[in-house]
Amino acid sequence: MAHLIAPSLLAADFAHLGRDVKVVEDSQADWHHIDVMDGMFVPNISFGMPVIKAIGRHAQKPLDVHLMIEAPDRYISDFAALGASILTVHAEACVHLHRTLHAIREAGMRPGVALNPHTPLAAIEEVMSDLDLVCLMSVNPGFGGQKFIPTTFEKVRKLNAMRRAANADFLIEIDGGVGAGNAAQLVEAGADVLVAGSSVFGAPDPLEAVAKLKSLTALSA
Ligand code: DX5
Ligand code: ZN
């Protein structure tokens with residue numbers, strides 16, 4: 001299976017957002033990763049609907065929307081209308097996770113669940129067949145540019161084993177501190193999608209940074 005790269009627009013230059021969306025479009029990247037933060041579930045506030053609408057006008061590649069917000073059910077239909085392909089909610093923010101995942105699918109999007117670094121994989125065990133993607137946070141969510149938490153490797157391996165045992169087919173996405181130094185190892189452990197913010201937009205040549213991630217993940221496929 002091909003491994004996917006999803007540059008995080010959180011690390012883009014918001015004063016030149018159209019240009020940076022085009023960078024992702026022109027690169028070998030697969031998805032746009034879009035981080036929505038509400039200042040409640042995480043300490044930071046990023047951007048909301050009007051900005052995503054503007055991104056959508058320049059994007060052909062799928063929008064992978066990562067909601068770091070409380071009670072995300074309130075906005076499912078809004079994100080569908082904005083053209084989100086994948087809508088990922090945090091297990092820690094959903095009291096009725098099963099219901100939320102089904103509501104996302106009914107709204108025409110692919111449901112994902114993100115887990116904070118401390119959240120056990122058991123949080124998704126009973127909804128594995130309702131999911132298209134599990135996002136393992138490899139930093140505490142809220143900010144770009146943080147250091148990768150190394151225990152993630154073992155968590156990816158465990159989740160990969162759970163997926164195999166259940167014969168499930170969701171994608172495993174890793175988010176936070178991902179770059180050329182750990183991409184190959186993550187893919188070897190079982191990751192399918194790598195989110196990369198600062199390692200792409202902070203690079204002197206973002207197109208080359210994406211190409212490098214692509215080739216590293218292809219080599220270890
Ligand atoms: C963190 C966000 C990430 C972030 C990744 O809360 O969910 O998607 O943008 O940024 P880097 O790759 O810089 O750690
Ligand atoms: Zn994210």
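This is a short chat about the strands and aromatic pairs of a predicted model.

Me: Before we start, what are the ground rules here?
Reply: It's a predicted model, where local features need pLDDT of at least 70 and side-chain atom pairs count only at pLDDT 80 or more, while totals for chains, interfaces and linings use all residues. Residues are numbered from 1 along each chain as its sequence is written, and side-chain values use heavy atoms, with hydrogens and water left out.

Me: Cool. In what order do the eight strands sit in the sheet?
Reply: The open sheet runs β1-β8-β7-β6-β5-β4-β3-β2, with parallel pairing. Strands are DSSP runs (E, at least two residues; helices are H or I, at least four), numbered from the N terminus, and two strands pair if DSSP finds at least two bridges between them.

Me: And which strands are at the edges?
Reply: β1 (4-7) and β2 (32-37), each pairing on one side only.

Me: Switching topic: how many aromatic pairs turn up?
Reply: Two, in a search of the whole structure. Rings of Phe, Tyr and Trp (its six-membered ring) pair if their centres lie within 6.5 Å; planes under 30 degrees apart are stacked, over 60 edge-to-face, the rest tilted.

Me: What's the geometry of F14 and F47?
Reply: Edge-to-face, with 5.7 Å centre to centre and 85° between the planes.

Me: Is F47 buried or exposed?
Reply: F47 is buried at 9% relative accessible area, whereas F14 is partly exposed at 44%. Buried means under 20%, exposed over 50%, and partly exposed in between (1.4 Å probe, protein chains only).

Me: Why is the F148 and F153 pair called tilted?
Reply: Because the planes are at 50°, with the ring centres 5.1 Å apart.

Technical notes
Chains are lettered from A and ligands numbered from 1 in the order in which they are written.
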